Amino acid sequence: MFKPYSKYHKALKIELEKIAKIKNSIYIGQQVNSEDYYGLLKDISLNKRQEIGVCEDLQLGLSTGLAIEGFLPISIYQRMDFLPRAADQLINHLDLIKAHSRNLYNPKVIIFTTIGQKNTGMQHNKDLVQGFKFLCPNIPIYDLTQIANINKIFNDVIKSENSSIIVARQNLFYGD
């Protein structure tokens, strides 16, 4: 039986739809077309979404390149467990590109991911927030553990000139 989406899920959906209204925004990742990413993207035009196969490092490399070219990529990783596959692009490139280029490049990529529910299997419910905070000191990580700060965090991320990682909690997607 399908459980209804929660207020938390609806708040995430609203914020992702706001980003879609930004002219140069584009959603990249798995399930962004085929399954609407847990229903969060279902009301966003397919013209704003680019499905990428299971190739996490390529996805983040493309996102960084698009950002350098003036786009605002929202790089969707179905679950946080997939981000280690993009570690080289995240840790050695996106996190350090501003310093390595002597401030010539500062691509803004919004990485959006989730931590799966306990019943999604051991490989899909790892909380890697603290590890990535340590590994990527130049990229703020926002852990959305409660509905109260979703709007403020998304507004801060949109206003920022820097890349960010937003982590949602799937255990808060259903029921209130």
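This is a short walk through the cores, the salt bridges and one surface patch of a predicted model.

I'll start with the inside. In general, nonpolar side chains in soluble globular proteins tend to be buried together. Here the largest nonpolar core has 26 residues. The members that touch the most others are Leu 12, Leu 16, Tyr 27, Ile 74, Phe 112, Leu 144 and Phe 154. Two or more residues each come from α1, β3, β4, α6 and β6. Helix α1 gives the largest share, six residues.

Take Leu 144 from that list. Beyond its neighbours within four places in sequence, Leu 144 is in contact with a set of residues including Leu 12, Ile 153, Phe 154 and Arg 169. There is also another core, apart from the largest one, with 20 residues. Leu 94, Cys 136, Ile 139 and Val 167 are among them.

Back to α1, which spans residues 7-20. Ala 20 lies in this helix and is buried, at 13% relative accessibility. Leaving out neighbours within four places, Ala 20 contacts Ser 25, Tyr 27, Ile 44 and Lys 48. For a sense of distance, the C-alpha atoms of Ala 20 and Pro 84 are 26 Å apart, with these positions 64 residues apart along the chain.

Now the charges. Side chains of opposite charge can pair when their charged atoms come close. The count here is eight salt bridges, and I'll go through three.

The one in α1 joins Lys 18 and Glu 15, with the closest N and O atoms 3.3 Å apart. The two are three residues apart in the helix, so about one helical turn separates them. Glu 15 is buried at 4%, while Lys 18 is partly exposed at 34%.

In α6, Lys 152 pairs with Asp 156 at 2.7 Å. These residues are four apart, again about one helical turn. Lys 152 is exposed, at 53%, and Asp 156 is partly exposed, at 32%. Elsewhere, Lys 13, Glu 17 and Asp 43 are joined into one network by salt bridges that share partners.

What does the salt bridge between Arg 169 and Asp 143 tie together? Arg 169 is in strand β6 and Asp 143 in strand β5, so the pair links parts 26 residues apart in sequence. The N to O distance is 2.6 Å. Arg 169 counts as buried, at 15%, and Asp 143 as partly exposed, at 21%.

Last, the surface. Ile 68, Leu 104 and Tyr 105 make a nonpolar patch of about 290 Å². Ile 68 belongs to helix α2 and is partly exposed, at 35%.

Note on methods:
Residues are numbered from 1 along each chain as its sequence is written. This is a predicted model: local features need pLDDT of at least 70, side-chain atom pairs count only at pLDDT 80 or more; totals for chains, interfaces and linings use all residues. Side-chain values use heavy atoms; hydrogens and water are left out. Patches are made of residues with over 30% relative accessible area and no salt bridge: like charges are joined within 9 Å, nonpolar side chains (Val, Leu, Ile, Met, Phe, Trp, Tyr) within 5 Å. Accessible areas come from the Shrake-Rupley method with a 1.4 Å probe; for residues, only the protein chains shown count as cover. A salt bridge is a side-chain nitrogen of Lys or Arg within 4 Å of a carboxyl oxygen of Asp or Glu. Buried means under 20% relative accessible area, exposed over 50%, partly exposed in between (1.4 Å probe, protein chains only). A nonpolar core is a set of buried Ala, Val, Leu, Ile, Met, Phe, Trp, Tyr and Cys residues joined through side-chain atoms within 4.5 Å. Contact means heavy atoms within 4.5 Å.
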